[in-house]
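Here is a friendly tour of one protein model, with a few places to pause and look. Please open the structure and follow along.

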Amino acid sequence: MMYTLPLGFKLAVANANFRGKNLPRNDLALLLCDDNATATALFTTNVFKAAPVLCSQQNLATSKNIRAVIINSGQANACTGEKGMQACLKTQEMLEKAFSLPHASVLTASTGVIGAHMDLTKWEQAIPSLENSLGSVSLEEYAKSIMTTDAFPKISYKKIEKNGKEIIFAGVAKGAGMICPNMATMLSVIFTDVKVEKNVWQEVVKNAVKTGFNQVSVDGDTSTNDSLFALASGKSETELDKDELQKIISEILQELAYLLVKDGEGASKVMHITVTGAKSNEDAEKIARTVGHSQLVKTAMFGKDPNWGRIIAAAGRAGVSFDPNSLTLKLCGIEIFKNGQPIDMDIDKVFYSHLEKVDINVEIFLQEGSGQAHLKASDLSHDYVSLNADYRS
């Protein structure tokens with residue numbers, strides 16, 4: 001599919017060989033706005049925040065001239081101390097000089113192995129390629145260039161018409177492992193030509209994250225580098241009602257979040273876990289996350305095994321008080337457990353065809369209150385173990 005970029009934006013990519021294996025793939029990606037963008041971002045909640053996260057937070061707090069986002073894949077620049085901070089600032093200076101940008105106008109993101117220092121020589125050598133490619137790079141090429149262990153690029157795209165004018169929204173993400181937001185190694189960029197006030201933009205994006213990236217889990221790990229950037233150029237010269245804008249941005253993040261879990265470093269299933277009837281939303285989320293993080297539940301889904309006992313056991317150890325006899329479990333829309341005991345059936349025969357599918361619904365019903373939660377979680381495959389066992393090699 002050919003994507004038309006939102007007005008006011010150009011993309012660039014380059015191969016800096018950050019992995020040191022001379023791989024024939026791009027690993028440096030630039031999003032450049034023609035003028036100052038309305039910008040906001042959300043970052044990892046991990047105490048160990050990578051240098052690019054800290055630099056981006058600083059620029060967002062002090063600069064009104066945000067023009068670009070640069071993402072490198074292969075060097076995380078995390079847990080690298082003051083040397084890492086200085087390296088990150090140096091890469092910003094390189095880009096500001098090369099593309100004639102104001103000071104502190106570049107937001108940074110990195111992904112790769114934690115602890116390795118930036119090779120600034122590779123950055124210097126890659127900048128000319130980045131300059132030469134500006135404006136000739138497709139959205140697909142850009143999405144591929146930020147991948148690490150991802151099996152496929154992740155793109156969400158919307159085009160609408162308002163008052164006779166076209167507005168375009170584009171979103172990309174990378175991430176397959178170390179996924180457990182609050183914000184996940186997940187990087188994402190949303191950019192659009194809609195005209196929007198900064199306070200509205202901040203609120204809309206923050207709300208969208210709650211029902212998007214913060215409702216997924218692959219492996220229960222939250223990275224040091226997780227970042228979501230959202231830039232609006234305003235070049236369509238068209239505004240949307242806040243509710244309309246919220247709906248679009250929420251849909252984009254939900255689509256990208258689904259793709260993260262579907263990838264999941266060898267994942268073959270996406271569990272759509274719903275918990276209703278808990279005493280509070282917090283209780284419901286605890287149960288949903290405990291089920292979604294359970295390695296026994298994940299491996300059962302990978303093995304296409306309707307092992308309902310693993311789901312029940314996970315719910316029961318979530319640290320939430322509830323009457324066990326009040327819990328009802330549906331798997332793939334079929335009631336399998338109720339009133340403290342399983343429903344009498346040949347579960348292997350009943351669930352055989354249902355568990356062949358990619359998307360698996362896990363519904364837990366309690367009778368404690370009105371609390372509810374939703375979570376998308378992957379299964380756990382042989383490939384996940386192999387990929388992460390060999391990640392540094």
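Are Phe-9 and Phe-191 buried or exposed? Both Phe-9 and Phe-191 are buried, where buried stands for under 20% relative accessible area, exposed for over 50%, and partly exposed for what lies in between (1.4 Å probe, protein chains only).

Before going on, a word on the ground rules. This is a predicted model, so local features need pLDDT of at least 70 and side-chain atom pairs count only at pLDDT 80 or more, while totals for chains, interfaces and linings use all residues. Residues are numbered from 1 along each chain as its sequence is written, and side-chain values use heavy atoms, with hydrogens and water left out.

Back to the rings: the structure holds five aromatic pairs. One of them joins Phe-9 and Phe-191 edge-to-face, at 5.1 Å centre to centre and with 65° between the planes. Rings of Phe, Tyr and Trp (its six-membered ring) pair if their centres lie within 6.5 Å; planes under 30 degrees apart are called stacked, over 60 edge-to-face, and the rest tilted.

Next come two helices. Helices (H or I, at least four residues) and strands (E, at least two) are DSSP runs, numbered from the N terminus. The axes of helix α1 (residues 51–62) and helix α2 (residues 81–98) come within 9 Å and cross at roughly 60°. Such axes are lines fitted to C-alpha atoms, for helices over the stretch in contact, and angles run from 0 to 180 degrees between N-to-C directions. The two helices, α1 and α2, are therefore oblique to each other, given that under 35 degrees is roughly parallel, over 145 roughly antiparallel, 65 to 115 roughly perpendicular and the rest oblique. On the α1 side, the contact (heavy atoms within 4.5 Å) is made by residues including Leu-54 and Asn-59, and on the α2 side by residues including Met-85 and Gln-92.

Finally, here are two residues that have a positive phi although neither is a glycine.

| Residue | Phi | Loop | Relative accessibility |
|---|---|---|---|
| Cys-79 | about 60° | between β4 (68–75) and α2 | 47%, partly exposed |
| Lys-304 | about 60° | between α8 (295–302) and α9 (308–316) | 38%, partly exposed |

For another loop residue, look at Ala-151, found between α4 (139–145) and β6 (154–162). Ala-151 counts as exposed because its relative accessibility is 62%. The C-alpha atoms of Ala-151 and Phe-169 are separated by 24 Å, with the two residues 18 residues apart along the chain.
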